[in-house]
Amino acid sequence: MDMRMPVMDGYEATREIRDRERRSGGEGEGERGREFPASCARTVIIALTASAFEEQKATILAAGCDDLIRKPFREQVLFEKIAQHLGVRYLYAQQQPEVKPAQENYPQASLSIQFSQLSTIMSAQWLAQLRQAALEVDGDRIEQLVEQIPETHSVLAEGITDLVRRFCFDEILEMTEKWQK
């Protein structure tokens, strides 16, 4: 609950929530036809405040808040307070193992040999298109061209794809430069 809000501040909103809980006694009719059903637990209210004064804490707790967090706050602090008051536990997705870039998966020398053989594998027109796509920094076009590389040269295809992923268009230009002359 933000303690400083326009129209109705957090103190007033908290008092209103607590009053409705008391009036309903766990169940009852309210303005919209229903207030709080008997199965509802007491609402946990965690105050958010920019106040640095310790005496403000007593006022906030007296208004009906269960705890407070001072602004600015890290989201981890909020999650810890929620866990503390509601007894929740968080399940976090497991991090995926880090995938090394293609240049680390394949020996650089092997990739260089593959690049040097590119002119014997692909046509001059294909090489010109690859160079033009690199000049235009057109990763999508380069990926389309890479799909045309025969599967027997997958190391070469993966090497070029890795260069595109790492935005190394200058290296593709250098690679195609010797065939442009």
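Reading from the start of the sequence, the elements of this protein come in the order α-β-α-β-α-α-α-α-α-α-α-α. In total there are 10 helices and 2 strands. What you have in front of you is a predicted model, so please read the description below with that in mind.

**Overall picture**

The protein has 181 residues, and 31% of them count as buried. Taking the contacts between residues at least 6 apart in sequence, 45% join residues at least 24 apart.

**Two helix pairs**

Let us turn to helices α7, α8 and α9. Here are two of the pairings side by side.

| Helix pair | Angle between axes | Axis separation | Residues in the contact by class |
|---|---|---|---|
| α7 and α8 | about 155 degrees | 8 Å apart | 7 nonpolar, 1 polar, 1 charged |
| α8 and α9 | roughly 175 degrees | within 10 Å | 5 nonpolar, 2 polar, 1 charged |

Helix α7 spans residues 124-135 and helix α8 spans residues 139-146, and they pack at an angle of about 155 degrees. Because angles over 145 degrees count as roughly antiparallel, α7 is roughly antiparallel to α8. The crossing of α7 past α8 is left-handed. On the α7 side, the contact is made by W126, Q129, L130, A133 and A134, while α8 brings R141, I142, L145 and V146.

Next comes the partnership of α8 with α9, whose axes cross at roughly 175 degrees. That angle makes α8 roughly antiparallel to α9 as well. From α8, the residues in this contact are G139, I142, E143 and V146, and they meet A157, I160, T161 and V164 of α9. You may recognise I142 and V146 of α8: they take part in the contact with α7, and they are also in the contact with α9.

**The nonpolar cores**

Which residues touch the most other members of the largest nonpolar core? They are L118, W126, L130, I142, I149, I160 and I172, out of 22 residues in that core. Helices α7, α8, α9 (154-165) and α10 (169-180) each supply at least two residues of this core.

Some of these names link back to the helix pairs. W126 and L130 of α7 and I142 of α8 belong to the contact between those two helices, and I160 of α9 belongs to the contact with α8.

Apart from this core lies another one, made of 8 residues, including I45, A47, C65 and L68.

How values were computed: Residues numbered from 1 in each chain as written. Predicted model: local features only at pLDDT ≥ 70, side-chain atom pairs only at ≥ 80, totals over all residues. Heavy atoms only, no water. Axes fitted to C-alpha atoms, helices over the stretch in contact; angles between N-to-C directions. Helix = DSSP H or I, 4+ residues; strand = E, 2+ residues; numbered from the N terminus. Parallel < 35°, antiparallel > 145°, perpendicular 65-115°, else oblique. Left-handed = near helix turned anticlockwise from the far one by under 90°. Contact = heavy atoms within 4.5 Å. Nonpolar A, V, L, I, M, F, W, Y, C, P; charged D, E, K, R; others polar. Core = buried A, V, L, I, M, F, W, Y, C linked by side-chain atoms within 4.5 Å. Buried < 20%, exposed > 50% of the residue type's maximum accessible area, 1.4 Å probe, protein only.
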